[in-house]
Amino acid sequence: MAEKKKQGRPKKELDTEMIERLSSIFCTNEEIASVVGCHRETLANNYSTYIKKGRERGKSSLRRLQFQKAQDGNTTMLIWLGKQYLGQSDHNFEGDEHLPLPFVD
């Protein structure tokens with residue numbers, strides 16, 4: 001006697017553009033799944049490429065805005081970016097040996 005194959009639910013096609021857009025504003029998988037109408041595990045198992053692409057796009061947009069703020073003179077952003085990318089840090093200096101040398105013209 002031939003075995004019957006189990007038939008699962010028909011595969012549901014989700015809006016991959018929506019998944020990317022929601023990922024790009026850093027929505028959680030739970031939030032994205034709720035909007036597109038699936039379980040978060042289905043989303044993670046079958047659409048992780050779109051989630052990753054969206055999150056990377058979101059990070060690059062955020063980075064662009066940070067650099068724009070820094071270029072506009074936002075001192076806090078300049079300091080933060082210097083620490084992140086240039087290895088700069090705050091130091092507590094004691095004594096005269098750490099004072100800058102006088103400028104000689």
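This tour moves through a predicted model, from the whole chain to one helix pair, the loop that joins the pair, and a pocket.

**The whole chain**

Begin with the entire protein in a cartoon representation. Its secondary structure consists of five helices and zero strands, so coloring by element along the sequence should show the pattern α-α-α-α-α. Next, color by relative accessibility: of the 105 residues in the protein, 20% are buried. If a contact map is at hand, consider the contacts between residues at least 6 apart in sequence; 48% of these join residues at least 24 apart.

**Helices α1 and α2**

Select residues 16–24, which form helix α1, together with residues 29–36, which form helix α2. In general, a packed pair of helices is described by the angle between the axes and the distance between them. Here the angle is about 145 degrees, and the axes lie 10 Å apart. The crossing of α1 past α2 is right-handed.

Now display side chains at the contact. On the α1 side, select Met18, Ile19, Leu22 and Ser23; these meet Ile32, Val35 and Val36 of α2. What is the division of these contact residues into nonpolar, polar and charged? Six are nonpolar, one is polar and none is charged.

**Ser24, in α1**

Stay on α1 and select Ser24, which belongs to this helix. Is Ser24 buried or exposed? Ser24 counts as buried because its relative accessibility is 16%, and the cut-off for buried is under 20%. To see its surroundings, add Gly54, Arg55, Arg57 and Gly58, which Ser24 touches when residues up to four places away in sequence are set aside.

**Phe26, in the loop**

Move on to Phe26, located in the loop between α1 and α2. Check its backbone torsions: phi is near 65 degrees, a positive value in a residue other than glycine. As a rule, most residues other than glycine have a negative phi. With a relative accessible area of 40%, Phe26 is partly exposed.

**The largest pocket**

Finally, turn on a surface and select Arg9, Pro10, Lys11, Lys12, Leu14, Gly37, Cys38, His39, Thr42, Asn46 and Tyr47, which line the largest pocket. Its volume is about 230 Å³. Color the lining by residue class: four residues are nonpolar, four are polar and three are charged. Arg9, Lys11 and Lys12 are the charged members of this lining.

Methods: Residues numbered from 1 in each chain as written. Predicted model: local features only at pLDDT ≥ 70, side-chain atom pairs only at ≥ 80, totals over all residues. Heavy atoms only, no water. Helix = DSSP H or I, 4+ residues; strand = E, 2+ residues; numbered from the N terminus. Buried < 20%, exposed > 50% of the residue type's maximum accessible area, 1.4 Å probe, protein only. Contact = heavy atoms within 4.5 Å. Axes fitted to C-alpha atoms, helices over the stretch in contact; angles between N-to-C directions. Left-handed = near helix turned anticlockwise from the far one by under 90°. 1 Å grid on protein atoms, 1.4 Å probe; cavity = no way out; pocket = protein on both sides within 12 Å on 5 of 7 lines; lining within 4 Å. Points joined across faces, edges and corners; volume = space filled by probe spheres on them.
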